[in-house]
Amino acid sequence: MDSPHILALGGHPDDAMLDHALGLARGAKVLYVPTASNEDPAWTVTWYERLRGRAELTPLSFFPWPPENLRELTLAHDVVLVPGGNTANMLAIWRVHGFDEILREAWQEGILLTGWSAGMICWFEAGVTDSFGPQLEGMRDGLGFLAGSACPHYDGEELRRPVYRRLVREGFPGGIALDDAAGAHYVGTELREVVSSQVGAGGYRVGPDGEDPLDARVL
């Protein structure tokens, strides 16, 4: 069995970050799970184009219902790719159909779990989300594969940094924040490294006393 891996991404990956993610995987079969974005077919087409020649893409739909072989389908892949969107809605749908437990099994089997925004937050215990409106709120309803909280888009959205820091000062679980062009690679539950596809983008440990930058390797 391969080690469990998660690559949490602060924002939509460029080609350098995408190639890095695929390089961490044991193979090139990607399960694309766009639940948070309402399974927008335009985005699915975009990802078919982006992965052409790089990997084999299979989109997973939960509407009008998930496939009967949901577990077998998921475990037959090497990467689970989760894009952004409404994190709370996504998690509710996953839990109704037992996909949360399938994802845990996939992670434990060594399938790379990755994604940005909603696809970053979901792996942690908690996160900062716009699921309930543009004002941003703290949500303590993540899958909990990784401890603490997560905040994507740290340099890409004006409210992310001040809202996250305020929430943590007021008792929200501390955790990790990532700029749009940064990723955090976890092996098991331990942070292996922060990577960046643009000079200046990085990650931060955020606690009640503020934030501390993390060393980031530029891809």
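**From one residue to the whole model**

Leu136 has a relative accessibility of 6%, so this residue counts as buried. Buried means under 20% relative accessible area, exposed means over 50%, and partly exposed lies in between, with a 1.4 Å probe and protein chains only. The structure is a predicted model, in which local features need pLDDT of at least 70 and side-chain atom pairs count only at pLDDT 80 or more, while totals for chains, interfaces and linings use all residues. Residues are numbered from 1 along each chain as its sequence is written, and side-chain values use heavy atoms, with hydrogens and water left out.

Leu136 sits in the loop between β6 and β7. The labels α and β refer to helices (DSSP runs of H or I, at least four residues) and strands (runs of E, at least two), numbered from the N terminus. What is the sign of phi in Leu136? The angle is positive, near 75°, although Leu136 is not a glycine. Most residues other than glycine have a negative phi.

The loop that holds Leu136 also holds Ser131, and its flanking strands are β6 (124–129) and β7 (137–139). Ser131 has 12% relative accessibility, so this serine is buried too. Apart from neighbours within four places in sequence, Ser131 is in contact (heavy atoms within 4.5 Å) with Asn86, Thr87 and Ala88. Val30 lies 101 residues from Ser131 along the chain, and the C-alpha atoms of the two are separated by 26 Å.

One of the contacts of Ser131, Asn86, leads to another loop. The C-alpha atoms of Asn86 and Ser37 are 6.6 Å apart, although 49 residues separate the two in sequence. Ser37 lies in the loop between β2 (29–32) and α2. With residues up to four places away in sequence left out, Ser37 touches Pro83, Gly84 and Gly85.

Glu39 belongs to the loop between β2 and α2 as well. Its phi is positive, about 55°, and Glu39 is not a glycine. Is this residue buried or exposed? Glu39 is buried, with a relative accessible area of 16%. Beyond its neighbours within four places in sequence, Glu39 is in contact with Pro34, Leu60, Ser61, Phe62 and Phe63. Pro83, which Ser37 touches, is 9.9 Å from Glu39, C-alpha to C-alpha, with their positions 44 residues apart in sequence.

Phe63, a contact of Glu39, is joined to Pro64 by a cis peptide bond, with omega near 0°. Most peptide bonds are trans. Pro64 is placed in the loop between β3 (56–59) and α3 (70–75).

Helix α2 itself spans residues 41–51 and contains Arg50. The relative accessibility of Arg50 is 16%, so this arginine counts as buried. Among residues over four places away in sequence, Arg50 touches His12, Pro13, Asp14, Asp15 and Leu18.

The next topic is the interior. A nonpolar core is a set of buried Ala, Val, Leu, Ile, Met, Phe, Trp, Tyr and Cys residues joined through side-chain atoms within 4.5 Å. The largest one has 39 residues, and the members that touch the most others are Val33, Trp94, Phe99, Leu103, Trp123 and Phe124. Which helix gives the most residues to this core? Helix α5 (residues 99–108) does, with five. Phe99 touches Val33, Leu60, Phe62, Leu70, Thr74 and Trp94, again without residues up to four places away in sequence. A second core, separate from this one, has 18 residues, including Leu7, Leu9, Trp47 and Trp116.

Now the whole protein. There are seven helices and 14 strands. The radius of gyration, taken over C-alpha atoms, is 16 Å; the globule rule (2.2 Å times the number of residues to the power 0.38) gives 17 Å for 219 residues, so the protein is as compact as a globular protein of that length. Along the principal axes, the C-alpha atoms fill a box of roughly 45 × 35 × 35 Å. Of the 219 residues, 54% are buried. Among contacts with a separation of 6 or more, 68% join residues 24 or more positions apart.
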